[in-house]
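Thanks for coming, everyone. Please look at the screen while I talk.

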Amino acid sequence: MHEDIQEILFTEEEISQRIQELGQSITNDYANAIAAGESLALVCVLRGAAIFMADLARAIDLPVEMDYLAVSSYGNETKSSGIVQLQKGLSSSIEGKHVVLVEDLIDSGLTLSFLRKNLASRKPASLEAATLLWKNVGKGCPRDIKYRGFECPDEFIVGYGLDYAQQYRNLPYIGTLKPQVYTK
Ligand code: PRP
């Protein structure tokens with residue numbers, strides 16, 4: 001285990017198993033649409049979701065397009081600024097395609113809400129969201145997120161795409177950071 005990690009919350013094996021299940025659900029849900037000649041596009045929210053997206057895409061047994069957009073709200077801070085900005089838009093049109101927006105973490109829900117509106121205005125055939133993790137801080141379960149991995153505690157977590165000051169994204173597991181790392 002990395003010396004800056006306090007506790008592993010989800011192991012590499014647990015993450016892999018859950019992603020296989022999510023991939024199977026997506027495969028089941030879109031098989032008819034693909035058979036009818038329609039398209040499925042996964043849209044990754046950079047940067048944190050890139051690793052989840054790469055594994056999720058390979059757990060889906062259907063042809064999928066993959067596109068990427070980037071937003072910023074947290075920067076290098078541990079608290080959201082409350083303002084979501086689009087930093088990089090999609091490379092391809094999603095009009096008429098079934099879209100699954102892929103996030104690594106839903107916290108306040110602000111980013112998801114911003115992106116839902118933005119993507120919906122581009123006239124996809126349908127729009128759903130997938131997140132590997134969500135924090136449930138007195139808000140109730142985010143029912144509008146169809147594909148969900150794990151609920152996680154309201155702590156500072158890193159690994160498997162999630163960073164602190166752009167570090168730890170390449171850890172194969174998800175864990176909490178030792179407080180002395182972010183208080184020094
Ligand atoms: C994280 C995460 C989500 C967002 C969720 O991104 O990847 O996009 O915060 O927070 P919210 O639900 O409170 O809006 P971050 O800004 O840390 O960027 P990154 O993906 O590049 O690490």
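I will go through the strands, then the salt bridges, then the ligand.

Some ground rules come before that. This is a predicted model, where local features need pLDDT of at least 70, side-chain atom pairs count only at pLDDT 80 or more, and totals for chains, interfaces and linings use all residues. Residues are numbered from 1 along each chain as its sequence is written, and side-chain values use heavy atoms, with hydrogens and water left out.

Let's start with strand 2, residues 40-46. A word on naming: helices (H or I, at least four residues) and strands (E, at least two) are DSSP runs, numbered from the N terminus. How many of the 7 residues of strand 2 are buried? The count is 6, so strand 2 is largely enclosed by the rest of the structure. Buried means under 20% relative accessible area, exposed means over 50%, and partly exposed is in between, with a 1.4 Å probe and protein chains only.

Now, which strands does strand 2 pair with? Two strands pair if DSSP finds at least two bridges between them. Strand 2 runs parallel to strand 3, and 6 bridges join them. Strand 2 also runs parallel to strand 5, with 5 bridges. Find L42 on the screen. L42 stands opposite M66 in strand 3. In strand 5, the bridge partner of L42 is V100.

Stay on V100. V100 stands opposite E128 in strand 6. Strand 5 and strand 6 are parallel too, paired over 8 bridges. Strand 6 is mostly covered, with 8 of its 10 residues buried.

Next, another sheet. Here 3 strands form an open sheet in the order 1-9-8, and the pairing is antiparallel. Which strands stand at the edges? They are strand 1 (5-10) and strand 8. Each has a single partner strand, so one side of each is left without a neighbour in the sheet. Strand 8 is joined to strand 9, residues 174-177, by 2 bridges. I157 stands opposite T176 in strand 9.

One stop on a helix. T27 lies in helix 1, residues 12-35. Is T27 buried or exposed? T27 counts as buried, at 10% relative accessibility. Its side chain reaches the backbone nitrogen of D61 at 3.0 Å. That fits a polar contact: a pair of N or O atoms within 3.5 Å; within protein, one must be able to donate a hydrogen and the other to accept it, and residues adjacent in sequence count only if both atoms are side-chain atoms.

On to charges. Side chains of opposite charge can pair when their charged atoms come close. A salt bridge is a side-chain nitrogen of Lys or Arg within 4 Å of a carboxyl oxygen of Asp or Glu. A search of the whole structure finds 7. I will show you some.

Take E65 and K97. Their closest N and O atoms are 2.8 Å apart. E65 sits in strand 3 (residues 65-72), and K97 in the loop between strand 4 (85-88) and strand 5. The two are 32 residues apart, so the bridge links distant parts of the chain. E65 is partly exposed, at 33% relative accessible area. K97 is buried, at 15%.

Next, D154 and K135. Their side chains meet in a salt bridge at 3.8 Å, N to O. D154 lies in the loop between strand 7 (147-152) and strand 8 (157-158), and K135 in strand 6 (residues 126-135), so the pair ties together parts that are 19 residues apart in sequence. D154 counts as exposed at 52%, whereas K135 counts as buried at 8%.

D163 and R169 form another salt bridge, at 3.5 Å. Both of these residues are buried.

Finally, the ligand. Which residues come nearest? Of the 16 around the ligand, they are E103, D104, S108, G109 and T111. Near means that a heavy atom of the residue lies within 4 Å. The shell divides into 5 nonpolar, 5 polar and 6 charged residues. Ala, Val, Leu, Ile, Met, Phe, Trp, Tyr, Cys and Pro count as nonpolar, Asp, Glu, Lys and Arg as charged, and the others, Gly among them, as polar.

Now some distances. An oxygen atom of the ligand is 2.6 Å from an N or O atom in the side chain of E103. A backbone N or O atom of G109 lies 2.7 Å from a ligand oxygen. Strand 5 gives the most to the shell, with 4 residues.

That's it from me.
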